[in-house]
Amino acid sequence: MSDVHSKEIARTEADPIADPGVESHLPRPTDVDPAAERRAERQVAMLFGLSAVFTVLCCVSYFVFAVGDNPDTIGGLGASNVAIGGFLGLALLFIGIGAIQWARKLMGDHEMIEMRHPSVSSDEDRDEALAAFDAGVTESGIGRRPLIRNSLIGAMAALGLPAVIFLRDLGPLPGNKLAHTVWKKNMRVVQDVTGVPIRPSDMQIGQLVNTEPGVFYKDGPDGEPLYHGTELLQAKTKAATILVRMHPDDITPSRGRADWGVDGILCFSKICTHVGCPISLWEQQTHHLLCPCHQSTFDLADNGKVIFGPAARPLPQLPIMVDSAGYLAAQSDFTEPVGPSYWERG
Amino acid sequence: MLRIFQRTTGRVAGSISRRRRSRFAAPAVLLIGLLAMGGVYAAFTPADAAKQDDATEVAKGKALFLVGCSSCHGMNGEGITTKRGKQLGPPLVGVGAAAVDFQVGTGRMPMAQPGVQVPRKRVLYSDEEISQLGAYVASLGPGPEVPAKSEYDVAKASNESVVRGGEIFRTNCTACHNFAGSGGALPQGKYAPKLTGVTEKHIYEALLTGPQQMPVFSDAVLTPEDKADVIAYLKKTEKTPGYGGFSMGALGPVSEGMFAWLVGIGVLVGFAVWIAAHTARVKKTGEDA
Amino acid sequence: MKTPFTSNGTKAAVAPKPNRVGAAAAWADERLGLATMAKKQIRKVFPDHWSFMLGEIALWSFVVLLLTGTFLTLWFRPSMGETVYNGSYDQLRGLEMSEAYASTLDISFDVRAGLLMRQMHHWSAMLFIAAMLVHLMRVYFTGAFRKPRELNWVIGSLLLLLGTLEGFTGYSLPDDLLSGTGIRAADGFMKSMPVVGTYMSFFLFGGEFPGDSIIPRLYTVHVLLIPGVLLALIAAHMLLLVYHKHTQWPGPGRTNDNVVGYPMLPVYAAKAGGFFFIVFGVTALMGAFLSINPVWRYGSYNPSEVTAGSQPDWYMGWPDGALRIMPGWETHLFGFTLSWNVFLPIIVLPGLMFTILLMLPFVESWITGDKRNHHLLQRPRNAPTRTALMVALMTFYGLMWAAGGNDLIAITFQLSINQITHFMRAAVFLGPVIAFIVTRRWCISLQRKDQDDLLHGYETGVIMRDPLGGYTERHLPLPTAAAYTLTARDRDEIRQLDPSTDEHGVAAKGTGKARLQARLSRWWYGHNVQKPTVAELEEAHHHVEEEDAHDAPLVGHAADGHQFDGRHDVVEGDDLAHHRD
């Protein structure tokens with residue numbers, strides 16, 4: 001629209017160019033051409049119709065394609081999932097596309113103008129509301145009666161206490177539990193999953209064995225495993241270990257740890273001192289152990305010292321020896337708490 | 001040729017009527033003759049590896065070694081250290097034929113260029129040459145032998161083996177190689193490679209010999225049955241269809257997040273742009289700019 | 001200016017004759033008095049722009065989450081009790097696992113459409129949070145959070161936080177190896193908190209990690225508590241949107257006091273409703289073809305097992321990245337341990353970032369002192385400092401996010417994770433600064449380009465050669481609508497200190513706060529290009545007329561540059577001047 005008046009530059013400081021107003025409406029092909037309109041209508045109806053077809057196919061797929069012991073496959077993918085999902089998706093999509101096409105091509109599309117109203121209430125409403133509130137407060141007398149007010153506040157505040165106290169039995173107090181594991185003197189170091197005990201001669205230089213305390217593979221007097229279910233997982237969270245064998249010349253044990261290994265075989269905690277992920281990325285040539293979670297790297301030839309990454313403490317080492325039957329076993333529990341740091345760790 | 005043959009036989013065996021002789025007779029006899037010749041030859045020629053002299057194998061292996069391996073591993077497989085104390089090629093005394101079969105059989109060796117880790121690539125030696133190299137390296141010092149097929153053949157593995165193998169896999173292997181064997185990162189640019197598309201024999205040998213940074217899993221601790229269980233699990237999983245669709249690399253939440261953004265948000269924003277776009281208009285009457 | 005449209009029809013509106021639908025509506029109205037509310041809302045006007053639909057992606061994803069989630073609750077068993085798996089997935093048969101994991105396997109393999117619902121639920125969770133983030137960026141970049149919508153921004157930020165927590169609790173429910181590792185890390189985070197860390201950990205897990213309570217407790221949070229709060233907040237968010245009406249882009253006929261667009265019924269109902277089906281459909285197609293969270297391949301959670309590439313879902317990627325690049329700092333004091341290496345990146349930093357996010361509208365209004373209602377949006381280039389600030393925050397977020405995937409970046413691009421970590425340690429500080437500087441200058445350059453267009457016209461691409469051999473490009477003035485759109489914005493008002501002096505000639509110093517505000521306001525608006533004044537426009541037009549006079553000899557000749565080669569016929573009455581408004 002070329003309104004001659006809009007060519008004049010507005011004289012107000014705020015608006016260098018005057019508002020030309022909403023553009024005049026231009027018709028769409030479907031508004032002026034009945035053939036285009038019918039075509040669009042057929043298109044929308046076809047989209048909806050196809051959607052219905054896909055819905056039926058989806059329902060049929062539910063019954064046709066098997067899951068369970070002998071699932072059907074299509075092109076290396078699960079047939080049930082692909083078919084039910086694919087048809088459902090297309091069914092939904094086509095309803096959406098049809099509705100949008102209807103709106104774009106056929107529904108009335110004149111732009112409308114609606115005036116805004118201020119978000120703030122009108123002054124009269126505000127005054128009325130304030131007056132009502134004042135009246136109510138005055139009649140309650142709370143302003144004149146501080147004793148009532150304060151005692152009410154005290155009573156309500158006190159109610160916060162049960163809300164907290166009732167949660168006390170969510171869990172036991174931590175006590176000293178984090179500082180101890182199930183490892184004890186003479187407890188065998190056995191391979192995880194298979195449970196086989198290990199002689200030093202079974203291990204070669206460069207070997208890593210993922211190990212657990214031997215007690216996990218023992219049964220109690222009732223024939224049931226001593227540790228299973230939740231107790232087993234809780235114990236594993238601190239007691240999981242790894243055995244690594246290096247050339248004895250490569251190891252530099254710190255003071256007091258010279259006898260913690262057997263012929264270059266060392267036992268370390270498997271639990272990272274950062275936030276507790278199990279580590280077993282062992283690089284046999286560099287003697288570095290990498291945690292996959294946040295890339296803390298420990299040098300096991302140097303007492304588990306942290307050489308890279310966000311861990312702050314070296315990996316705890318379990319002192320091992322050879323027991324009377326010739327198998328690797330612990331000399332004692334760990335000499336420090338295993339796993340992530342905590343406030344009371346010391 | 002056929003006509004000459006027929007003419008010849010026709011002259012020699014005159015009493016046999018031509019009608020009883022099939023027109024395929026000539027080529028059939030030719031074929032039988034050729035097969036007979038080949039069969040007799042094969043039957044009486046000594047079998048390759050079984051009958052060859054072991055010393056010849058080692059000698060051939062040494063010859064190959066000197067050409068292709070000694071520049072890094074030394075003329076006698078003793079290894080070469082650089083002036084700065086780093087290793088050009090480690091000593092091969094005691095690595096065993098299994099290590100050779102793995103490294104050369106997966107194309108890792110010979111290394112194309114120095115680096116922190118050698119990738120799997122095109123295999124340069126034939127199976128015969130690989131076994132000869134293995135024989136030579138084995139002669140340098142006792143080490144793990146190439147496993148027998150019975151040790152890694154998991155075609156008839158039971159489901160219990162597969163389940164147990166999965167447990168062992170998740171305890172020992174996924175920390176480096178990822179839950180689906182898609183590989184993982186190691187420090188300083190090294191990596192644990194993908195396990196898909198690796199033969200059973202090579203998986204067994206890798207476990208046994210601990211190539212490069214991979215730890216050794218000796219048979220005394222991780223028994224041959226344990227190793228076979230792991231291989232059974234890996235092979236079964238490789239053949240398992242993707243029940244939920246394409247795995248997008250089976251790398252976990254990172255690739256899933258990328259698809260959510262690129263495919264999900266990308267497609268939906270595309271739809272949004274379409275929904276709010278101005279539709280076609282009938283041509284202007286020429287007034288408005 | 002034409003009279004405003006209030007109806008699409010050409011006839012006066014007449015109530016239709018009563019029919020069955022009408023009878024039902026009448027029955028309801030007699031009890032609920034709906035017509036009063038309905039009369040305003042049915043033809044409510046919404047402006048049309050694709051960027052206004054990003055929040056809808058989030059809204060419709062939430063609906064999909066509710067629907068698919070309800071399906072899952074019918075089969076999922078939120079218990080850590082031990083059971084032996086006997087379902088159809090061969091590779092795990094006979095193993096001991098929790099009920100939660102076993103029921104997830106059952107849903108995936110023994111319930112038809114179960115795996116589809118699981119995958120749709122997970123994909124739409126990802127889309128929910130991604131859409132909220134994209135919507136947040138749109139709202140911020142266009143200034144839609146300004147008064148009166150600050151509260152809606154706060155609600156939206158809370159929705160983002162709750163959505164993230166909802167996602168975390170959700171994907172932890174199957175008790176698989178990957179999510180269990182994440183819960184283990186969360187336990188480590190809690191333990192790192194000073195004084196109360198171990199108590200929080202023991203109370204949440206009902207004892208030592210992992211205990212047998214965490215899955216049922218997360219289930220309650222995921223299915224009841226957070227969805228309840230989410231529903232309430234979403235309702236409040238929508239209510240405010242309806243009350244304030246939607247913001248709109250400036251343009252011809254669009255002012256701060258009106259809304260120009262299409263009515264709710266039928267256009268927006270169709271577009272929004274249609275978009276719901278599109279979101280639902282795309283989610284279903286993703287659930288059909290793209291495998292997500294294949295828990296059967298991870299195995300049941302075992303604290304001795306871990307997978308390479310252990311990351312949380314993408315929306316927790318940035319705190320994970322912060323955790324990875326943090327150096328290993330820890331202090332030991334009087335027998336107590338302060339784990340800065342965990343506490344800072346995972347507790348302090350996200351808290352800080354969320355607070356910054358919440359405070360953004362209030363900080364801006366404190367600096368600018370702008371207390372007006374704003375219903376017109378701003379192009380990002382017209383608020384350079386605001387845009388640059390968000391880009392800097394996005395750069396920080398993005399770098400931390402990338403750091404969270406450092407091991408996957410390493411194996412995909414054959415880099416060293418150590419080098420990536422070192423790079424990120426520097427980049428998260430330098431990157432945002434560089435991004436801020438670059439973005440601000442870029443916005444100001446774009447503003448200068450707009451100014452150029454306004455004053456000197458747009459480049460036509462028509463190159464003129466004068467008889468002396470010089471080349472010039474013809475500029476034509478912008479169409480009125482475009483020119484108006486470019487100038488339909490407020491002038492930035494830098495805060496001034498009180499310039500008055502007292503009777504002795506001493507200038508008022510102003511409080512410390514006022515001085516700070518003035519300085520910050522100068523920095524905020526400092527180099528912005530303001531729209532031209534009337535005088536500047538007149539001068540520019542005058543200048544253009546001079547140029548026209550220069551080209552006068554060319555009037556009457558073909559206007560497209562072929563004047564000198566005779567290859568284009570002159571069209572009657574066609575000349576350059578005619579192409580102007």
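**Group meeting: a three-chain model**

Let me start in chain C, where C:Pro210 is found in the loop between helix 8 (197-205) and helix 9 (214-244); helices (H or I, at least four residues) and strands (E, at least two) are DSSP runs, numbered from the N terminus. A cis peptide bond, with omega about -10°, links this proline to C:Phe209.

Before going on, I should say that this is a predicted model, in which local features need pLDDT of at least 70 and side-chain atom pairs count only at pLDDT 80 or more, whereas totals for chains, interfaces and linings use all residues. Residues are numbered from 1 along each chain as its sequence is written, and chains are lettered from A and ligands numbered from 1 in the order in which they are written.

A cis bond also joins C:Lys147 and C:Pro148, with omega about 5°, and C:Pro148 sits in the loop between helix 5 and helix 6 of chain C. Ahead of helix 5, in the loop that follows helix 4 (99-109), C:Ala113 has a positive phi of about 65° without being a glycine. For background, most residues other than glycine have a negative phi, and most peptide bonds are trans. Is C:Ala113 buried or exposed? C:Ala113 counts as buried because 20 C-beta neighbours lie inside 10 Å; the cut-offs are 20 or more other C-beta atoms within 10 Å for buried, 12 or fewer for exposed, and partly exposed in between, with C-beta atoms placed from the backbone. In chain B, B:Met248 likewise has a positive phi, of about 55°, in the loop between helix 12 (224-239) and helix 13 (253-276), but B:Met248 counts as partly exposed because it has 17 such neighbours.

Now to helix 13 of chain C, residues 340-368, whose 29 residues span only 37 Å between end C-alpha atoms, against 42 Å for a straight helix at 1.5 Å a residue; that expected span is 1.5 Å times one less than the number of residues. Where is the kink in this helix? A kink of about 55° lies at C:Met359, shortly before C:Pro361, the bend being the angle between axes fitted to the seven residues ending there and the seven starting there. The buried residues of this helix, including C:Phe343, C:Leu360 and C:Pro361, pack against helices that include helix 5 (114-141) and helix 14 (384-404) of chain C. Just after the helix, C:Gly369 takes a positive phi of about 70°.

Turning to the interfaces, 107 residues of chain C are in contact with 88 residues of chain A, where contact requires C-beta atoms, placed from the backbone, within 7 Å. Helix 10 (residues 264-289) of chain C brings the largest share of the chain C side, 17 residues. For the other interface that I will mention, 42 residues of chain A are in contact with 32 residues of chain B, and helix 4 of chain A supplies the largest share of the chain A side, five residues.

Finally, the largest nonpolar core has 255 residues, and B:Ile231 and C:Phe128 are among those that touch the most other members; such a core is a set of buried Ala, Val, Leu, Ile, Met, Phe, Trp, Tyr and Cys residues joined through C-beta atoms within 7 Å. Helix 5 of chain C gives the most to this core, 17 residues. Apart from this core lies another, of seven residues, among them A:Ile17 and C:Leu454.

How values were computed: Two residues are in contact if their C-beta atoms, placed from the backbone, lie within 7 Å.
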